[in-house]
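Thanks for sharing this one. Here are a few notes to read alongside the coordinates.

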Amino acid sequence: MKAVILAAGEGTRLRPRTAEIPKPLVEVAGAPILTRCFETVRDLGVDEAVVVVGYEKEAIVDRYGDAYRDLDLRYAHQEERTGLAHAVLAAADQVDADFAVLNGDNVYAGNLDTVLRRHRETDADLTVPVHEVSRETARAGAVCELDEDGTVTGFVEKPDDPPSRYAPAAFYVLPPAVFHACRLVRPSSRGEYELADAIDLLVRAGYRVETVPFEGRKVNVNTEADVERAERLLDRID
């Protein structure tokens, strides 16, 4: 299985660190966040990653080249950074089977191996780890829509009134059909093409989604405080 790692971000809230490097190259506990993402997918048995680059992309390409240890690397350029669906779509011509998607500015520690195993063992079209979050967090990101039985019936991005407090853990296993869905979505109220909207189209079109309870932690590194949180997480793991 391939992984698509979204690493095009600028990281304005991490200035001056990101004045000349992209956010995924910010170091957390002595290693760039992107290096930690590579280690995460290697541990999952992934042998090739497509890295979607944008801001200061040469810094990433020059640092890693065509491989990180035994992980083959390919690159896709997101010319305009207009949302995660737009970023995923940049990798469309390099992926022709189910693939994992993760954010190149997140530090992960959890049961992602269970997610891949569940995807292989079931007839799911897409598999998503989910966890319960605060209402405030639910309003700031993607959350699941659920029916009375607790089955996922859709996804919504940054809702004013969240339909649930169950959120995807910034990791997905998706079918190639998501690329067509990414082409169909329209910009959100903040002017971005949201990956949650593309996944929502698949679910509503009848694609079967499997959810796995996310056991662990992940930190989205946006600020200096997030860097410290990620380092505390890694300290507990070590």
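The points below cover the main pocket, one helix and the cysteines.

1. Please keep in mind that this is a predicted model. The values in this note are computed from it, with local features resting on residues at pLDDT of at least 70.

2. If you are looking for a place to start, try the largest pocket, with a volume of about 1,400 Å³. Its lining has 45 residues, and Leu 84, Asn 103, Asp 105, Asn 220 and Asn 222 are the ones nearest the centre.

3. The lining of that pocket draws on both helices and strands: α3 (84-89), α5 (135-140) and α7 (195-204) each give at least two residues, as do strands including β1 (2-7), β7 (99-103) and β15 (216-220). By residue class, the lining divides into 18 nonpolar, 13 polar and 14 charged.

4. Helix α1 spans residues 33-43, and its buried residues are Ile 33, Leu 34, Thr 35, Cys 37, Phe 38, Thr 40 and Val 41. In an α-helix there are 3.6 residues a turn, so residues three or four places apart point the same way. After α1 comes Gly 45, which has a positive phi near 90°.

5. Now for the cysteines: how many disulfides does a search of the whole structure find? The search returns 0. Cys 37 cannot form such a bond here because its closest cysteine sulfur, in Cys 182, is 19 Å away, which is too far. Cys 144 is in no disulfide either, as the nearest cysteine sulfur, again that of Cys 182, is 17 Å away.

6. Both of these cysteines are also buried: Cys 37 has a relative accessible area of 0%, and Cys 144 has one of 1%.

Note on methods: Residues are numbered from 1 along each chain as its sequence is written. This is a predicted model: local features need pLDDT of at least 70, side-chain atom pairs count only at pLDDT 80 or more; totals for chains, interfaces and linings use all residues. Side-chain values use heavy atoms; hydrogens and water are left out. On a 1 Å grid over the protein atoms alone, a cavity is a set of points where a 1.4 Å probe fits but cannot get out, and a pocket is an open set with protein on both sides within 12 Å along at least five of seven lines; lining residues have an atom within 4 Å of a point. Grid points are joined across faces, edges and corners, and a volume is the space filled by probe spheres set on the points. Helices (H or I, at least four residues) and strands (E, at least two) are DSSP runs, numbered from the N terminus. Ala, Val, Leu, Ile, Met, Phe, Trp, Tyr, Cys and Pro count as nonpolar, Asp, Glu, Lys and Arg as charged, and the others, Gly among them, as polar. Buried means under 20% relative accessible area, exposed over 50%, partly exposed in between (1.4 Å probe, protein chains only). A disulfide is a pair of cysteine sulfur atoms within 2.5 Å.
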